[in-house]
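Me: I have a structure open and would like to talk it through slowly. Could you help me read it?

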Amino acid sequence: MASQLIQPPYLKAGDTVAIVAPSGILKSRVGEVQDAVKLLESWGLHAIVGKHVFNQSNHFAGTDAERCEDLQNAMDDPKISAIWCARGGYGTVRILDKLNYTKFKKNPKWIIGYSDITALHNQVHNEGFQSLHAIMCVSLTKDLNDIKESVETFKSAIFGNPENYTLKGSNYNRVGETSGELVGGNLTMLHTMLGSRESIDTSGKILFIEEIGEYKYHIDRMLQSMKRAGYFDNLNGLVVGDMSRMRKNTTLWGTSIEQLILDALEDYDFPITFNMPAGHEKDNRALVLGRTIELKVGKAQSTLKFSE
């Protein structure tokens with residue numbers, strides 16, 4: 001089994017967080033980034049916003065070179081303790097090969113985000129470090145009570161007290177107990193990484209997946225592709241987050257998304273739990289990726305507990 005991933009230092013009052021945009025455009029989202037700065041300041045942290053965050057180059061928040069420059073500067077700066085991605089969308093995969101981890105390894109820091117940022121999480125894990133699957137700047141709402149759990153679990157995680165979770169039960173759950181390093185993120189991005197240096201070795205690990213805006217047959221196709229690539233062969237468990245805004249094909253799939261996942265993975269016997277509130281919903285709770293968890297899956301409930 002691989003050695004435990006390095007945990008970047010937890011944050012404390014006075015630390016600095018860099019806000020960067022490695023993916024989609026933010027030109028019309030200035031207010032949300034300002035709200036994110038205020039939120040960090042309310043926790044006693046300093047915030048700096050990357051030079052190119054509000055740039056636009058077609059679909060993206062600046063050219064590949066500009067987005068990479070902001071991220072690389074934040075990775076290299078020893079005064080920065082965490083890097084908070086402003087939004088996802090699409091684009092992170094285009095800059096992975098330009099990033100250099102030499103200075104990051106001397107001063108590791110938390111990389112925070114979800115969705116398209118899964119590409120970066122995968123790379124960070126393969127470089128040997130934990131990271132944080134959590135809300136991004138554009139996740140913030142005017143009334144933070146609307147996303148109370150998302151904000152609280154994010155804060156708890158970056159300050160060193162990641163929350164354990166008791167998940168609502170499901171008759172679809174595949175019962176069992178297991179432990180392993182938690183990895184994963186957005187299913188499309190995990191699928192995109194297949195065959196590249198950024199694809200993660202899932203042996204002995206627990207995989208988390210979430211998705212948005214896909215047809216069921218696309219989900220099945222990705223799972224079949226990953227299965228044929230051996231992705232699930234030595235997996236210890238699966239945590240399924242939100243499958244949001246599923247699209248309807250003219251030819252209906254015929255089963256629930258839960259049954260689709262169970263059918264695709266019927267050749268394996270690892271525990272599977274549904275109902276993890278993480279992904280593209282308002283209730284998007286923080287998960288420390290790369291940290292070992294204990295997972296207990298039952299029909300009535302499941303528990304997910306981070307190791308000390």
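**Two cysteines and beyond**

Reply: Let us begin with Cys137, which is buried, with a relative accessible area of 0%. Please keep in mind that this is a predicted model.

Me: OK, and how many disulfides turn up in the whole structure?

Reply: A search of the whole structure finds zero disulfides. Cys85 is in no disulfide, and the nearest cysteine sulfur to that of Cys85 belongs to Cys137, 8.5 Å away. Cys137 is likewise in no disulfide, its nearest cysteine sulfur being that of Cys85. A pair of sulfur atoms would have to lie within 2.5 Å to be counted, so a distance of 8.5 Å does not qualify.

Me: Remind me, what is a disulfide anyway?

Reply: It is a covalent bond that joins the sulfur atoms of two cysteines.

Me: And Cys85, buried or exposed?

Reply: Cys85 is buried, with a relative accessible area of 0%.

Me: Switching topic: why is H4 called largely enclosed?

Reply: Eight of the nine residues of H4 are buried, and therefore the helix is largely enclosed by the rest of the structure. The buried ones include Thr118, Leu120, His121 and Val124.

Me: What covers those buried residues?

Reply: The cover includes helices H2 and H6 (187-193), together with strands E4, E5 (131-133), E7 (176-186) and E11 (287-289). After H4 comes Gly128, which has a positive phi near 105°.

Me: Which residues other than glycine have a positive phi?

Reply: Two examples are Asn58, with phi near 55°, and Ser115, with phi near 60°. Asn58 sits in the loop between strand E2 (46-49) and helix H2 (64-76), while Ser115 belongs to the loop between strand E4 (110-113) and helix H4 (118-126).

Me: Where do those two stand, buried or exposed?

Reply: Asn58 has a relative accessibility of 68%, and because the cut-off for exposed is over 50%, Asn58 counts as exposed. Ser115 has 10%, and because buried means under 20%, Ser115 counts as buried.

Me: Last thing, how much space lies in the largest pocket?

Reply: The largest pocket holds about 320 Å³ of space. It is lined by 18 residues, and the closest to its centre are Tyr114, Val138, Ser139, Arg245 and His280.

Me: How many of the lining residues are nonpolar, polar and charged?

Reply: The lining of the largest pocket divides into six nonpolar, seven polar and five charged residues.

How values were computed. Residues numbered from 1 in each chain as written. Predicted model: local features only at pLDDT ≥ 70, side-chain atom pairs only at ≥ 80, totals over all residues. Heavy atoms only, no water. Helix = DSSP H or I, 4+ residues; strand = E, 2+ residues; numbered from the N terminus. Buried < 20%, exposed > 50% of the residue type's maximum accessible area, 1.4 Å probe, protein only. Contact = heavy atoms within 4.5 Å. 1 Å grid on protein atoms, 1.4 Å probe; cavity = no way out; pocket = protein on both sides within 12 Å on 5 of 7 lines; lining within 4 Å. Points joined across faces, edges and corners; volume = space filled by probe spheres on them. Nonpolar A, V, L, I, M, F, W, Y, C, P; charged D, E, K, R; others polar.
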